[in-house]
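Visitor: Please pick one part and take a close look at it with me. I'd like to hear about empty space and what surrounds it.

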Amino acid sequence: MLARDTATTIRDSFRRPLRDLRISVTDRCNFRCVYCMPKEIFGRDYQFLPSEKLLTFEEIARLARIFVDHGVRKFRLTGGEPLVRRDIEKLVEMLAQIEGVEDIALTTNGSLLAKKAQALKDAGLKRITVSLDSLDDEIFQSMNDVGFPVARVLEGIDAAAAVGLSPIKINMVVKRGVNEQSVVPMARYFRAAGHILRAIEYMDVGHSNGWKMDDVVPAAEVIRMIDADMPLEPVPPNYPGEVATRFRYGDGSGEVGVIASVTQPFCGSCSRARLSSEGQLFTCLFGTRGTDFRTPLREGRSDEELAELLRSVWTVREDRYSEVRTAATQDLPKVEMSYVGG
Ligand code: SAM
């Protein structure tokens, strides 16, 4: 992975550069988190994408290369649950070979991580984010809604640490009346383990989770809770456009972050594009329509034609959903997060 200075970074209507590509490798997940894939919608009869509609690894890697030529420096593999896609480490290996890529990360629910950590590391994955909403089994299982135990996610996290995937970040969605009481125990546990907890405000992604503003625990409240137990100090962002607001523990023993996408939107610095598992490109997590890249790929279009399509999408991008969120925007037919990738 060498530095590449020939790439031209493209910018959108607000001069925001294209820097990150989130790649959803599947719309399927083995959890049914109530805030993401509620069972009432994603039940037995739900039609997931058939495998022939998913982009192949070769198709993803070809597009990824074109994105890197236009400014992307970081890939994040997500889903659905990325580790349910067979041989995912082969895709990691293909992406790691693209010249100019500086960072490859993956977000997972951790359920298959103990098995996959070594293969992912060997393939060139740099670091990992594991989602876990509570250390309390009753609360966690009520949130993942498939009875998955905390201990097995912790095993996955330990396996990732043991093979040197680092830093490890832990994503925790905080929902009012459901898991606020888990914030401080989670912060204590992951501080001691040397991993970075990131509390995420519950968001109105998709249109099936029944989101209400009252269910959101503002990031400032999360920080107050942790600070009362273990004093915190703010830390500047690692790089422009970082989604987490960072804090360190006063005694220098680690870091915690919050993602305040509802109460303190960060659209102004958003440099992320999202590629769905069937090759639709979205320029916002809260988008309603994507642009089809699979058809031109399979029609045999040239790299330059695909590049032109990318430029035609990004250079006119105007999305800033979180900054203009109102009661009315909440009901838009937004794409589901499990489809577009978290
Ligand atoms: N299955 C993987 C996982 O669990 O990390 C990757 C996909 S998941 C959609 C990515 C992240 O989005 C997870 O950390 C999840 O908790 C978070 N997420 C899903 N729905 C959310 C919502 N409504 N508000 C905030 N975060 C959400």
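Guide: The lining of the second largest cavity splits into 3 nonpolar, 1 polar and 5 charged residues. (Nonpolar covers Ala, Val, Leu, Ile, Met, Phe, Trp, Tyr, Cys and Pro; charged covers Asp, Glu, Lys and Arg; the others, Gly among them, are polar.) Remember that this is a predicted model, where local features need pLDDT of at least 70 and side-chain atom pairs count only at pLDDT 80 or more, while totals for chains, interfaces and linings use all residues. Residues are numbered from 1 along each chain as its sequence is written, and side-chain values use heavy atoms, leaving out hydrogens and water.

Let's put names to that lining. The charged residues are Lys-169, Arg-198, Glu-242, Arg-246 and Glu-255. Ile-196, Ala-244 and Val-256 are the nonpolar ones, and Gly-257 is the polar one. They surround about 30 Å³ of space. (On a 1 Å grid over the protein atoms alone, a cavity is a set of points where a 1.4 Å probe fits but cannot get out; a pocket is an open set with protein on both sides within 12 Å along at least five of seven lines; lining residues have an atom within 4 Å of a point.)

Two elements, β6 and β9 (255–259), give two or more residues each to this lining. β9 gives the most, with 3 residues: Glu-255, Val-256 and Gly-257 sit in its range. From β6 (196–201) come Ile-196 and Arg-198. (Strands, E, of at least two residues and helices, H or I, of at least four are DSSP runs, numbered from the N terminus.)

Follow β6 and you get to the next space. The structure holds 2 cavities of 30 Å³ or more, and the largest cavity has about 940 Å³ of space. (A volume is the space filled by probe spheres set on the points, with grid points joined across faces, edges and corners.) 50 residues line the largest cavity, and the closest to its centre are Asn-171, Ile-200, Met-203, Met-337 and Gly-342. Quite a list of elements gives two or more residues to that lining: β2, β3 (103–108), β4 (127–131), β5, β6, β10 (272–275) and α10 (337–340). β6 provides the largest share, 3 residues. You can spot Ile-200 inside β6, and Met-337 at the start of α10. By class, this lining has 23 nonpolar, 15 polar and 12 charged residues.

β6 turns up again at an open space. Along with β1 (20–24) and β2 (74–78), β6 supplies at least two residues of the lining of the largest pocket. That pocket has a volume of about 510 Å³. Among its 28 lining residues, the closest to the centre are Asp-20, Lys-74, Tyr-239, Pro-240 and Glu-242. Asp-20 falls in β1 and Lys-74 in β2, while Glu-242 is a name you've already met, lining the second largest cavity too. Here the lining is 7 nonpolar, 5 polar and 16 charged residues.

One stop remains, the second largest pocket, with about 320 Å³ of space. 17 residues line this pocket, and Thr-283, Gly-287, Thr-288, Arg-289 and Asp-319 are the closest to its centre. Its lining counts 8 nonpolar, 6 polar and 3 charged residues.
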